Amino acid sequence: MTPDFRLPASIDATLELLLTRNYVADRPLATAVFLALKLERPLFIEGEPGTGKTEIAKVLAGALGSELIRLQCYEGLDVSSASYEWNYARQMLEIRLGDVAGESREKIAANLFSEEFLIARPLLRALQPHAVPPVLLIDELDRTDEPFEAYLLEVLSDFQITIPEWKTVAAARPPIVIITSNRTREIHDAVKRRCLYHWVDYPDAAREFAIIRRKVPDASEFLSRQIVAFVQALRQLDLYKLPGLSETIEWGRALLALDALELDPQTIDNSLGVLLKYQDDIARVRGSEAARLLALIGGKADA
Ligand SMILES: Nc1ncnc2c1ncn2[C@@H]1O[C@H](COP(=O)(O)OP(=O)(O)OP(=O)(O)O)[C@@H](O)[C@H]1O
Ligand SMILES: [Mg+2]
């Protein structure tokens, strides 16, 4: 381990570490991160969209000075994209060169499945030697299929990958693994069992305010409070898709771009598309409902 790589020594130190990168965590999340680092276990984070699941991996890598190795999951993701691939073109070339040089078949074959001809993809790269353990982000695991989850089991429990034609590659020191899911389907218990689990919810008003202050520092304290109160009230409605933190932050930036000093019904109506992404939700909130929510949070509904 290099001397400049230090894991946080406590939950408070973890909160502080994340804050250095403007990530405002609550105590349960900081506890989960602290334990994952301390126990060298993968952290499985599930939650609503736009609530800071992916960001935590980015922030951790930045704060710890680690490389961020990201595996974006999608349907049909296979071993050759996620883990490793043999470089067939180079292997073919090697065979031809061996033939031309008159080398025996055995001699040529012996060398073909070695590191020289291997292309490391994110999972394998995360297990290869690093001065500082990298952060391996396996993002949106619920988008893959079950065979891929099964493939992950060896990586998650033993931090190793078996390459049948070559050898088993094991990490000298486990990478920091963050797995996220939007829970569009349940992830298999076998994966979850190998991880610490944390559910991220929408933030409460105090935390959302702290995040807005950090992420949209040019918005006044007054406007920031209004933004948070309005979004929190919006989340009480029965909408198809509730706004996440990313939408709150975007809305703050949009309101600044519109030179809004405080919320008024017209400005809200004009910028609803930043907060809500479904026409039915927008139609439901636009107009009288937006004015009602604004009055509810103490804004000037008749401005
Ligand atoms: N606790 C937090 N502190 C500061 N900023 C945050 C926090 N949580 C989220 N954000 C900000 O909110 C935005 C969305 O976060 P992120 O992309 O991590 O969400 P997500 O949960 O991965 O969403 P999705 O499920 O859509 O991928 C980012 O811009 C991030 O900076
Ligand atoms: Mg994400």
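## Overall architecture

Among contacts in the chain between residues at least 6 apart in sequence, those that join residues at least 24 apart account for 74%. The model is predicted, and its chain contains 15 helices and 9 strands.

The radius of gyration of the chain is 24 Å, whereas a compact globule of 303 residues would have a value near 19 Å. Taken along the principal axes, the box filled by the C-alpha atoms is roughly 90 × 45 × 35 Å.

## Burial, surface and charge

Of the 303 residues in the chain, 47% are buried. The accessible surface comes to about 15000 Å², and carbon and sulfur atoms contribute 52% of this area.

The chain carries 35 positive and 45 negative charges, and the mean positions of these two sets lie 3 Å apart.

## An aromatic pair between two loops

A search of the whole structure returns 5 aromatic pairs. One of them is formed by Tyr240 and Tyr278, whose ring centres are 4.6 Å apart; the planes stand at 75 degrees, so the pair is classed as edge-to-face. The pair links distant parts of the chain, with the two positions 38 residues apart in sequence numbering. Tyr240 belongs to the loop between helix H11 (221-234) and helix H12 (245-257), while Tyr278 belongs to the loop between helix H13 (265-275) and helix H14 (279-285).

The two tyrosines fall into separate accessibility classes. Tyr240 has a relative accessible area of 61% and is therefore exposed, the threshold being over 50%. Tyr278, with a relative accessible area of 37%, is partly exposed.

## Positive phi angles in two loops

Phe159 is not a glycine, yet it has a positive phi of about 50 degrees. Phe159 is placed in the loop between helix H8 (146-158) and strand S6 (160-162). Its relative accessible area is 10%, so Phe159 counts as buried, for which the limit is under 20%.

Asp259, also not a glycine, has a positive phi of about 60 degrees. This residue lies in the loop between H12 and H13. At 65% relative accessibility, Asp259 is exposed.

## Surroundings of Ala170

Ala170 is located in strand S7, which comprises residues 168-170. Its relative accessibility of 46% places Ala170 in the partly exposed class. With neighbours within four places in sequence left aside, Ala170 is in contact with Leu127, Phe159 and Gln160. Phe159 is thus a contact partner of Ala170 as well as a residue with positive phi.

Ala170 and Asn182 are 12 residues apart in sequence, and their C-alpha atoms are 29 Å apart in space.

## Surroundings of Glu67

Glu67 occupies the loop between helix H3 (53-64) and strand S2 (68-72). At 35% relative accessibility, Glu67 is partly exposed. Neighbours within four places in sequence aside, the residues in contact with Glu67 are Ala61, Arg125, His130, Pro134 and Val135.

Glu67 and Pro175 are separated by 108 residues in sequence, while the distance in space from C-alpha to C-alpha is 10.0 Å.

Conventions
Residues are numbered from 1 along each chain as its sequence is written. Chains are lettered from A and ligands numbered from 1 in the order in which they are written. This is a predicted model: local features need pLDDT of at least 70, side-chain atom pairs count only at pLDDT 80 or more; totals for chains, interfaces and linings use all residues. Side-chain values use heavy atoms; hydrogens and water are left out. Helices (H or I, at least four residues) and strands (E, at least two) are DSSP runs, numbered from the N terminus. The radius of gyration is taken over C-alpha atoms; the globule rule is 2.2 Å times the number of residues to the power 0.38. Buried means under 20% relative accessible area, exposed over 50%, partly exposed in between (1.4 Å probe, protein chains only). Contact means heavy atoms within 4.5 Å. Accessible areas come from the Shrake-Rupley method with a 1.4 Å probe; for residues, only the protein chains shown count as cover. Lys and Arg count as positive and Asp and Glu as negative; His and the chain ends are not counted. The place of a charge is taken as NZ of Lys, CZ of Arg, CG of Asp or CD of Glu. Rings of Phe, Tyr and Trp (its six-membered ring) pair if their centres lie within 6.5 Å; planes under 30 degrees apart count as stacked, over 60 as edge-to-face and the rest as tilted.
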